[in-house]
Amino acid sequence: MGLYKQIFDSTPDGVLIVAPDGKILFGNPAAETLFDYPPRGLEDLPVERLIPERFWETHAQHLKDYFEHPSPRAMGNGDKLLGVRHNGDEFYVDVMLAPVQFGHHSAALCIVRDITPQILIQQKQQIANLVFSSAQEAISITGVPIVTGK
C-alpha cells in the first residue's frame, strides 16, 4: 500500500475528494463512519446528499463558484455548517477545502470534522451564563446581600 493511500485511509478526519460536478470520487473510512455509510458507499454519491436538503440549491451554486476560483480555505465563512448522516440525522461540521489535480482533472479535497460536541458545550455555556446573569440581577433587585463565604 502506498504512503498516500495509508495517509488517506488512516486520517481521523473525514476526507472526501469531490469532482466539479459534485460527485464524490473517494471517501476515506473516517468519512464513511462520520456520515454512517458502508465502505465505498460514498463513491459516486452527489455531495449534496451529505448536507440537509434545504441547502442543496445554494450549495450547488457554492460548488460552481468554488471550482471557478479554487483555493485552500474554510467553508462557510463563519456560519455553522450542517452535515446529514445516511439515516437523516443532522450534525454540525467544520469543512476545509483545497483544490487538487488528478492527471488533467480538477477536484476538491474536503476535510470534514464533526464539531457537534464543541457546539453543545458552547450552547451549555451560553445557558449557564444567562442563568448566572439572571440570578445576579434577581439578587441585586431584591437587595439580598451576596454571601461570598469569606
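Here are some exercises with worked solutions on the predicted model shown above.

**Exercise 1: the nonpolar core**

Find which residues of the largest nonpolar core touch the most other members, and which elements supply this core.

*Solution.* Start with the membership: the largest nonpolar core holds 22 residues, and Leu16, Ile24, Leu42 and Leu50 touch the most other members. Next, look at where the core residues come from. Strand 1 (14–18), helix 2 (29–34), helix 3 (56–68), strand 5 (90–102) and strand 6 (105–114) each give two or more residues to this core. Strand 5 provides the largest share, four residues. Now zoom in on Leu16. Setting aside residues up to four places away in sequence, Leu16 touches Ile24, Phe26, Gly27, Ala31, Leu42, Leu50, Ala108, Leu109, Cys110 and Val112.

**Exercise 2: strand pairing**

Work out how strand 6 pairs with strand 1 and with strand 5, and pick out a residue pair for each.

*Solution.* Take strand 1 to begin with: strand 1 and strand 6 are antiparallel and share five bridges. Here Leu16 sits opposite Cys110 of strand 6, and Cys110 is also among the residues that Leu16 touches. Then turn to strand 5, which runs antiparallel to strand 6 and is joined to strand 6 by ten bridges. In this case Gln101 has Ser106 of strand 6 as its bridge partner. Finally, check the turn: the hairpin of strand 5 and strand 6 has two residues between the strands, and Gly103 in this hairpin adopts a positive phi near 60°.

**Exercise 3: one face of a helix**

Decide which residues of helix 3 are buried and how they are arranged around the helix axis.

*Solution.* First the geometry: helix 3 has 13 residues and spans 19 Å from its first C-alpha to its last, close to the 18 Å expected at 1.5 Å a residue. The buried residues of helix 3 are His59, Leu63, Tyr66 and Phe67. Viewed down the axis of helix 3, these buried residues fall within an arc of 90°, so they line one face of the helix. As a last step, ask what lies over them: the cover includes strand 1, strand 3 (73–74), strand 5 and strand 6.

**Exercise 4: an asparagine in a loop**

Establish whether Asn28 is buried or exposed, and find what its side chain meets.

*Solution.* Locate the residue: Asn28 belongs to the loop between strand 2 (24–27) and helix 2. Its relative accessible area is 0%, and because buried means under 20%, Asn28 is buried. A polar atom of the Asn28 side chain lies 3.0 Å from the backbone oxygen of Asp13. Apart from neighbours within four places in sequence, Asn28 contacts Phe8, Thr11, Asp13, Gly14 and Val15.

**Exercise 5: loops compared**

Classify Gly76, Arg40 and Asp44 as buried or exposed, and note the backbone angles of Arg40 and Asp44.

*Solution.* Gly76 is in the loop between strand 3 and strand 4 (81–84). Its relative accessibility is 16%, so Gly76 counts as buried. The C-alpha atoms of Gly76 and Asp94 are 8.4 Å apart, with these positions 18 residues apart along the chain counted as their separation. Move on to the loop between helix 2 and helix 3, where Arg40 lies and where Asp44 lies too. Arg40 counts as exposed at 61% relative accessibility, and Asp44 counts as exposed at 58%. Neither is a glycine, yet phi is positive in Arg40, near 65°, and in Asp44, about 70°.

Terms used
Residues numbered from 1 in each chain as written. Predicted model: local features only at pLDDT ≥ 70, side-chain atom pairs only at ≥ 80, totals over all residues. Heavy atoms only, no water. Core = buried A, V, L, I, M, F, W, Y, C linked by side-chain atoms within 4.5 Å. Buried < 20%, exposed > 50% of the residue type's maximum accessible area, 1.4 Å probe, protein only. Contact = heavy atoms within 4.5 Å. Polar contact = N/O pair within 3.5 Å; in protein donor to acceptor, adjacent residues only side chain to side chain. Expected span 1.5 Å × (residues − 1). Arc of directions from axis to C-beta. Pairing = 2+ DSSP bridges.
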